[in-house]
Amino acid sequence: MKPSSSLSNDQKLKICHHKAANPSIKQSTLANWAMQKFKLSKVPTQGTISNILAKRQQYESMDSTELTSKRQRAVKHPELDNVLANWILQCQARRVALSGDLIKEKARQFARQLELGERTPEFSNGWLAKFNIRHGFKAQKSYGESGSADLDAIDRNMPTIKEKLQSYSLQDIYNMDETGLFYSMAPDRTIARRQIEGSKKDKTRLTFVFAANADGSHKMEPLIIGHAQRPRAFNRKSGEQLGFYYRNNAKAWMTGLIFKEWLQKMDQQMQDANRKLLLLLDNAPSHVVRDLPLTNVQVFLFPANTTSKIQPMDAGIIAAFKRRYRRFQLQDAIDRDEQQKADIYKVDQLIAMKWAKAAWNDISSKTIANCFKHTCLFERETQKNEVGSEEQDIENELKDAINQLPISRPMSVHELINPEEEQQVAHEEISDEDLIKLSSSQDQEEEEDGEVMDENPPMSTKEKLNVLHSCISFLDLSNPNHVIAHKVLRNIQFEIRTIEKKQTTLDRYFCKEY
């Protein structure tokens, strides 16, 4: 039988199921598996495999006749179909809620712009259902106006925003945003809920301030806001002495005064570099820019009702940071579990800050530039997503780490990196009572509850893992060279665990045989 060069829909579905059964498998390996499994004349390209995996829901919804076919029915209006699908994907990247009626109305707008005229579809509920199946979108409710106010505000203000952006090059357009981080949070729903509710008492929360430019060539040093001026883990040193841009108040919140200091520092840096730039900001209560004597930074506040929808930091940059931070945390938790420690997720503030700094430094310029392009602020270029696989690889690592830990109610990766409470604490309106507390405790020196973590813990029973863990614990992750060493050591550690697991399996096999 002559080898085929194309795949049926049924074979594509089998590829999706094989990937689901082997989540860590690389797409290149999956392509080779498909060629051997289905006796293809050549290996499917990475793009083909990626497209197949993206359409899993579509294949699962097909009947037996459609599954045996190698071709799908031709779409009557492919231009309309593609532009609408891309618009929905962009809205999803900005977390815009869409109703079925809103999608149909947007389709009508696109149909008019494409001048379909008499060829315009009726945009019935049946049309919407087929469109959703075709692209693997979940069915939307065909009533209500969820998300329409935000979308209307974006459409109304976008010409003004784009006109402002056109005056600057990508390297001179920056975005800044804050996020909270429960730095000792366990990936267990029950434990995490208790930790979040008790965070005001145990003070295991920090606020991080991130800023970067649109081409990803410059990430500013993160500002970290904690509760105490000199936590116990600082060993009587200041944040600056330890190499961090650190401020504190009783709530570990961004305030108008801290923001003013941060913005003026940015302006001074741009003066020194002889650069003029545009800074995009949301309208958080602390972002007060009126009457500030800025010479090299022009601030543009996003209009009301658009702030969480078109903010580049919210389009994936902060999520990329949290993936990398949680990877450090869960890797450490596995180590501590192997050593039979009591509280395997507990870390002190200094270690958390080092992990956070390393996580921020690890985000590539391509990832940042890609996240800016995911917003509708810029004209999107026709190009493949070069960084999606990198972020997916980290998510797969997090899934594997969660599976290795003793957890009764494990979180999903999405829950782990996107706790709603972390955003709430970063952007809450500060009451008069809290303002008084913040101003009265600005210089407070306070020790943390609990022990300070030992950065070189006792060795476990496995000698090789002992040595590696000792080296990893010694590393200072605020040092870029140490971050490189950390990655290498973790890869070696993974290989040893894998070999040991295979050897254990072989030993058990031969024990059964004899």
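**Strand β1 and the aromatic pairs**

In strand β1, the side chains of Ile173, Asn175, Asp177, Thr179 and Leu181 point one way, those of Tyr174, Met176, Glu178, Gly180 and Phe182 point the other way, and all of these residues are buried. The model in which this arrangement is found is a predicted one. In a regular strand, side chains alternate between the two faces of the sheet. Strand β1 spans residues 173-182 and is mostly covered, with ten of its ten residues buried.

Strand β1 pairs with two further strands, β5 and β2. With strand β5 (residues 277-281), the pairing is parallel and extends over three bridges. Within this pairing, Leu279 of β5 is the bridge partner of Tyr174. Strands β1 and β2, by contrast, run antiparallel and are joined by nine bridges. Here Glu178 stands opposite Val209 of β2.

Strand β2 also contributes to the aromatic contacts of the model, through Phe210. Across the whole structure, a search identifies eleven aromatic pairs. One of them is formed by Phe210 and Trp360, whose ring centres are 4.4 Å apart; the planes meet at 20°, under the 30 degrees that bounds stacking, and the pair is therefore stacked. Because Phe210 belongs to strand β2 (residues 205-213) and Trp360 to helix α14 (residues 349-362), this contact ties together parts that lie 150 residues apart in sequence. Phe210 and Trp360 are both buried.

A further stacked pair is formed by Phe259 and Trp262, with 6.5 Å from centre to centre and 20° between the planes. Both residues of this pair are located in helix α12 (residues 256-272), where a spacing of three residues, about one turn of the helix, separates Phe259 from Trp262. Phe259 and Trp262 are likewise both buried.

Phe210 and Trp360 also take part in a cluster linked by ring pairs, in which they are joined by Phe208, Phe321, Tyr325 and Trp355. Trp360 has an additional contact with a charged group: the charged end of Lys219 sits over the Trp360 ring, at 5.9 Å from the ring centre. A second lysine, Lys357, lies over the face of Phe244, with a distance of 5.2 Å to the centre of that ring.

Methods
Residues are numbered from 1 along each chain as its sequence is written. This is a predicted model: local features need pLDDT of at least 70, side-chain atom pairs count only at pLDDT 80 or more; totals for chains, interfaces and linings use all residues. Side-chain values use heavy atoms; hydrogens and water are left out. Rings of Phe, Tyr and Trp (its six-membered ring) pair if their centres lie within 6.5 Å; planes under 30 degrees apart count as stacked, over 60 as edge-to-face and the rest as tilted. Helices (H or I, at least four residues) and strands (E, at least two) are DSSP runs, numbered from the N terminus. Buried means under 20% relative accessible area, exposed over 50%, partly exposed in between (1.4 Å probe, protein chains only). A charge sits over a ring if NZ of Lys or CZ of Arg is within 6 Å of the ring centre and within 35 degrees of the ring normal. Two strands pair if DSSP finds at least two bridges between them.
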